[in-house]
Amino acid sequence: MDSETLSLITIPLFTGGIGYVTNWSGVWMLFYPVHFRGVRVPGLKALANVLPRRIQQIPGILQGGLGWQGIVPSRAGKMGSIAAEKGISKLGGPSDFYDRLDSEAIAEHVLESAGGEIHEVVERIMEREQPQLWHDLPQRVRDAVHSRVSEQLPAIIRVVTDEVGEHVDQLLNVKLMVIGHLEA
């Protein structure tokens, strides 16, 4: 076999091998190590805030260390935030979901859940707010207060569920619920 044929065969083999190794090591560096590996440098964490943004983006610098962490794990909060925003925008906001719920059924469920505890709640509130008055009232008047609260409770719960529906976008941060503590 002459040298020209040998070079025609070996060049693709070597360039393919080099390409494979560089791609494999690039993917490896993207994902591993999952947790920061390196050394902590005293004072670097305080200094990191004044460094240029490009330097701050190096994994570990903002935490005060020199070393390495995979690009994807080091940016998990930001990537999760972006993924959550895109997913939520396609699914709809909290108000879209709340509109599909039956507010009457929610009010009935809250009423059933809280119904047995209302007597105790009224007792605690009256003891806290007006203890002397509550102790001085005859039992007949106390019973009247309890029955009045029980009568008005369904209407109050319906008003509350309607208010929650009107302001659900302000009350719930779906992105924060999805991402949790990873948000950057």
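Let's start with P33, which sits in the loop between α1, residues 3–31, and β1, residues 37–40. The peptide bond joining Y32 to P33 is cis, with omega at about -5 degrees. Keep in mind as we go that this is a predicted model.

Now let me step back to the whole chain. How many helices and strands does the protein chain have? There are 12 helices and two strands. Following the sequence, the order runs α-β-α-α-β-α-α-α-α-α-α-α-α-α. The radius of gyration comes out at 32 Å, while the globule rule gives 16 Å for 184 residues, so the chain is more spread out than a compact globule. If you prefer a box, the C-alpha atoms fill roughly 115 × 45 × 25 Å along the principal axes.

A few totals for those of you who like numbers. Of the 184 residues, 18% are buried. The exposed surface is about 13,800 Å², and carbon and sulfur atoms supply 63% of that. Take the contacts with a separation of 6 or more: 64% of them are between residues 24 or more positions apart. On the charge side, we have 17 positive and 22 negative side chains, and the centres of the two sets lie 13 Å apart.

Let's zoom in on Q56, in helix α3, which covers residues 53–56. Is Q56 buried or exposed? Its relative accessibility is 13%, and the cut-off for buried is under 20%, so Q56 counts as buried. What does its side chain reach at 2.7 Å? That would be the backbone oxygen of A48. A polar atom of the Q56 side chain also lies 3.1 Å from the backbone oxygen of N49. Leaving aside neighbours within four places in sequence, Q56 is in contact with A48, N49, V50, L51, I61 and L62.

I61 is on that list, so let's go there next. I61 belongs to the loop between α3 and β2, the strand at 65–68. At 6% relative accessible area, I61 is buried. With neighbours within four places again left out, the contacts of I61 are L44, K45, A48, L51, I55, Q56 and L66. N49 is a residue we just met as a partner of Q56; from I61 to N49 it is 12 residues in sequence and 9.3 Å in space, C-alpha to C-alpha.

On to the second half of my tour, and H146. Which helix holds H146? It is α10, spanning residues 139–166. The relative accessible area of H146 is 8%, so this histidine is buried too. Its side chain makes a polar contact with the side chain of H119, at 3.2 Å. Beyond the neighbours within four places in sequence, H146 is in contact with H119, V122, E123 and W134.

For contrast, have a look at E112, in helix α7, residues 103–115. Here the relative accessible area is 64%, and the cut-off for exposed is over 50%, so E112 is exposed. How far apart are the C-alpha atoms of E112 and V141? They are separated by 25 Å, with the two positions 29 residues apart along the chain counted as their spacing.

To wrap up, we have gone from a cis bond between Y32 and P33 to the buried Q56 and I61, then to buried H146 and exposed E112. Thanks, everyone, and do turn the model around on screen while we chat.

Terms used: Residues numbered from 1 in each chain as written. Predicted model: local features only at pLDDT ≥ 70, side-chain atom pairs only at ≥ 80, totals over all residues. Heavy atoms only, no water. Helix = DSSP H or I, 4+ residues; strand = E, 2+ residues; numbered from the N terminus. Rg over C-alpha atoms; globule rule 2.2 N^0.38 Å. Buried < 20%, exposed > 50% of the residue type's maximum accessible area, 1.4 Å probe, protein only. Contact = heavy atoms within 4.5 Å. Areas by Shrake-Rupley, 256 points an atom, 1.4 Å probe, with all protein chains shown as cover. Lys, Arg positive; Asp, Glu negative; His and termini not counted. Charge placed at Lys NZ, Arg CZ, Asp CG, Glu CD. Polar contact = N/O pair within 3.5 Å; in protein donor to acceptor, adjacent residues only side chain to side chain.
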